[in-house]
Every structure is written in structure tokens, then in C-alpha cells.
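Grab a pencil and try these short exercises. Each one comes with a worked solution, so have a go before you read on.

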Amino acid sequence: MFEKFEKLPDDPILGILTSYRNDDNPKKIDLSVGVYKNEDGLTPIFDAVKKAETKKLSEETSKTYTSIEGDPVFCEFIQRLVLGDDHVVIKEKRSGAVSTPGGSGALRVAGEVINGWKPGANLWVSTPSWPNHIPLLSTAGLTVKEYPYYDGINHVIKTDEMLTQISKLTKDDILLLHACCHNPSGADLDFETWKEITTLAQKNGFTPFVDCAYQGLGLGLDADVEGLRYMASHLPELIIAYSCSKNFGLYRERVGSTIIITENPATTDAAWTHMKSVARRLYSVPPAHGAIIVGMILGDKELKNSWKAELDQMQQNINTLRGLFTESIQTKSENRDFNFVKSQRGMFSILGLTVEQVIQLREEFSIYMVNNSRINIAGVSATNIDYLADSIATVL
Ligand code: LMR
């Protein structure tokens with residue numbers, strides 16, 4: 001059997017991290033994978049996470065299975081975090097959640113549930129999108145189609161083209177949106193556009209599916225999900241894939257959630273059994289450690305405030321770095337306009353370099369970014385910013 005296998009190419013994002021780790025140039029810079037880094041290039045553990053973890057370890061008495069849906073406290077609080085305690089959907093008990101192995105697990109559970117509803121259903125994905133969206137969701141059986149989203153030359157969202165395409169979707173279509181911090185472009189929909197898409201969904205009956213992987217890292221915990229919450233309060237149905245990797249720094253613990261909103265508590269209950277059936281088939285029960293930590297933080301006033309303060313600081317640091325990076329690169333590459341980087345949100349922006357320039361940066365300067373020139377802004381620091389800007393100016 002295995003003699004027929006040919007070696008596959010490296011993963012377009014995680015593969016670059018491996019090359020970076022193997023590079024012994026002391027000046028190397030990693031701008032590839034979307035992880036937050038502090039000034040020293042480290043990805044710290046949140047204080048609130050450490051405290052909750054210590055408490056959990058001292059109190060837990062068993063490692064027996066959780067249930068298929070995972071920790072119930074986590075499932076309850078994660079819906080409240082994304083929708084807000086006072087949201088009509090929460091009050092009317094129209095949402096249900098399962099805990100999943102990270103945001104990828106959340107996407108896959110949602111994808112399988114959608115495919116159970118309509119095998120091979122159309123899933124509309126933005127161009128560009130997180131490169132794993134397409135393989136992850138098409139292998140769940142969905143037919144992936146793309147809608148125009150980002151103009152990489154002018155660095156703006158193609159709002160008109162996008163809305164024209166979306167206006168053609170019908171009740172047989174699913175529309176994948178990014179709640180905030182669009183990956184890879186950093187260009188987010190404004191509130192008016194969220195409202196327009198909601199109106200189209202009301203009129204034509206397609207179902208939005210929102211990938212929410214960066215809540216709190218764009219403009220803030222509430223502002224980042226303003227569009228999502230509006231949609232949830234105006235539409236009968238919505239699907240959310242949530243990730244706690246970035247905003248709780250729990251990357252390797254694999255903490256995420258699939259949340260389904262339906263028309264009434266009875267249909268939600270039924271949809272929830274489908275999520276559980278998919279989970280059982282795919283991985284049986286989700287990892288518990290990180291989810292329990294998130295539940296403990298969200299359920300404890302002191303821990304929650306500490307987590308929020310740290311997250312706010314990270315968000316501010318990212319936005320400060322956006323300003324510093326733009327200033328630095330702009331002085332060194334006067335012929336190009338990089339001001340768009342300053343106004344984008346979250347960890348990513350696409351610089352607009354050619355693949356050849358990206359490879360030159362990697363091979364000659366040990367600067368690692370994704371081939372489409374997506375950079376993780378959090379990888380920039382006061383120590384590397386000059387070297388980075390000089391190197392980019394050289395390849396330009
Ligand atoms: C990224 O886009 O860098 C992150 O979401 C990590 C990943 O799994 O690709």
C-alpha cells in the first residue's frame with residue numbers, strides 16, 4: 001500500500017514554521033503562523049490561564065471521559081462570550097454548543113453537520129481565505145465555491161463584487177464569513193456590510209457560517225463580534241465555529257466550539273444531537289483540559305477581568321506594531337504605499353510581495369512569511385523592525 005504514496009508538499013503555513021525552527025541564523029524572523037508573540041518573541045501563557053490551571057490540577061480527581069459535547073460549563077460560557085449575556089438568542093435558548101478540538105475541529109463538526117443536511121451543499125468561501133478552510137471543509141463533503149473578497153493591489157475589500165455574488169445565493173447555500181481579523185487579509189467587513197449581508201440572507205434564505213477565531217484581537221471583545229451578533233439577532237439560523245487558540249493563548253490544548261443557532265429550542269435541541277453524533281464519529285469526546293480552563297476563567301470574575309486586561313493589552317500591542325511597522329517600512333520603501341497595514345486589524349496583513357520576493361526574504365534574510373506575503377504582525381518587534389524593513393526594501 002504505502003509504496004504508492006508520493007511525498008506531499010509541506011503545509012503552506014505550519015511547514016514554514018518548521019523551516020524557521022531549523023534555521024540557525026540569529027537574525028531570523030518568524031512572521032508565519034498566527035500566534036501572538038511578546039517583545040521577546042515569546043508566546044506567553046496568560047496569567048489567568050496559569051492560575052486556573054494550577055487550581056484545576058490541585059482539585060481534579062479523575063481523568064474519566066467527559067461527555068461527547070465536552071465540559072458543560074465551557075459550552076455555556078462560550079456561547080455567552082460570543083453572543084453576549086443579554087442576547088435574544090441566549091434568552092430564548094435558541095443556541096447549542098459542543099466543545100471541539102480547536103477551531104479546526106469546530107469547523108469540521110459544522111461542515112459535517114451541514115453535509116448531513118444536504119450532501120455536497122455549496123459552501124461559499126472568501127477569496128482569499130485561511131488556506132485550510134478549503135481542504136478542511138471540502139473533505140467534509142461540501143462543494144466549496146469562492147466569492148470575491150479582497151483586492152490585493154489596492155488593499156481594500158471588493159464590497160460591490162462580493163455583495164453581487166452573495167445576492168445570488170439561495171436557501172441551498174452556506175456563506176462562510178470571518179467574524180473579525182480576516183485571515184489572511186486583516187481587512188474586516190464594516191457594520192453596514194454585515195447588515196447588508198443579513199438583509200440578503202433574510203431575503204434569499206442562505207445560511208451564514210461565521211468563523212470566529214480572533215475575538216478580542218481586532219478592536220475589542222464586543223466590537224469584534226458586533227456584526228456576528230447583529231446577524232444572530234436578525235436571522236433564524238446561524239452557525240459559528242469558535243477558536244480559543246489565540247484569545248486564550250491555548251493553541252496546543254485544542255479548544256474550540258461549534259455553536260448552532262436555530263429557530264426555537266426544540267430545533268436547537270435536535271441540531272445539537274447532530275453535532276454530538278458527528279463528534280462521536282470523528283473523535284468521540286473532545287480534549288477537556290483547555291476547555292475546563294476557559295470555563296473556569298469565564299465563570300470567575302477575578303480571572304475573567306485579568307484575562308480581559310491581558311487580551312486588551314495584546315490587542316493594543318498588535319495595533320501599535322501595525323503603526324510602527326508601517327512607519328518603518330514606509331521610510332525605507334518610499335515608492336510603495338504600505339499605509340493599509342496600519343488600518344487593518346488582527347494578526348495578519350498581506351504585504352503584496354511576489355512569491356519570488358517572499359522566497360528571497362526567506363533564503364537570503366531568514367525572514368519567514370507565508371508565500372502570498374501574509375505576515376503575522378505580532379512577529380515584528382523593536383529588535384527586528386529595522387532589519388525587517390531594510391530586508392523588505394532590498395527585495396523590492
Ligand atoms: C494561521 O492562519 O496561521 C493560524 O490559524 C494557524 C494555522 O493553523 O494555520
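Keep in mind that you're working with a predicted model.

**Exercise 1.** Work out how many disulfides the whole structure has, and explain the count using Cys75 and Cys180.

*Solution.*
- Step 1: Start with the cut-off: two cysteine sulfur atoms must lie within 2.5 Å to count as a disulfide.
- Step 2: Take Cys75. The closest cysteine sulfur to its own belongs to Cys244, 11 Å away, so that's too far for a bond.
- Step 3: Now try Cys180. Its closest cysteine sulfur sits in Cys181, at 3.9 Å, and that is also too far for a bond.
- Step 4: Searching the whole structure gives 0 disulfides.

**Exercise 2.** Decide whether Cys75, Cys180, Thr273 and Asp160 are buried, partly exposed or exposed.

*Solution.*
- Step 1: Under 20% relative accessible area is buried, over 50% is exposed, and in between is partly exposed.
- Step 2: Cys75 has 6%, so call it buried. Cys180, with 4%, is buried too.
- Step 3: Thr273, part of helix H10 (residues 265–282), has 42% and is therefore partly exposed.
- Step 4: Asp160 has 63%, which means exposed.

**Exercise 3.** Find the helix that holds Asp160, then name the charged patch this residue belongs to.

*Solution.*
- Step 1: Look along helix H7, residues 159–166, and you'll find Asp160 there.
- Step 2: On the surface, Asp160 gathers with Glu161, Asp190 and Glu196 in a patch of negative charge.

**Exercise 4.** State how far apart Thr273 and Asp300 are, in sequence and in space.

*Solution.*
- Step 1: Along the sequence, the two are 27 residues apart.
- Step 2: From C-alpha to C-alpha, Thr273 and Asp300 are 29 Å apart.

Notes:
Residues numbered from 1 in each chain as written. Predicted model: local features only at pLDDT ≥ 70, side-chain atom pairs only at ≥ 80, totals over all residues. Heavy atoms only, no water. Patch = residues over 30% accessible without salt bridge, like charges linked within 9 Å, V, L, I, M, F, W, Y side chains within 5 Å. Areas by Shrake-Rupley, 256 points an atom, 1.4 Å probe, with all protein chains shown as cover. Salt bridge = Lys/Arg side-chain N within 4 Å of Asp/Glu carboxyl O. Lys, Arg positive; Asp, Glu negative; His and termini not counted. Charge placed at Lys NZ, Arg CZ, Asp CG, Glu CD. Helix = DSSP H or I, 4+ residues; strand = E, 2+ residues; numbered from the N terminus. Buried < 20%, exposed > 50% of the residue type's maximum accessible area, 1.4 Å probe, protein only.
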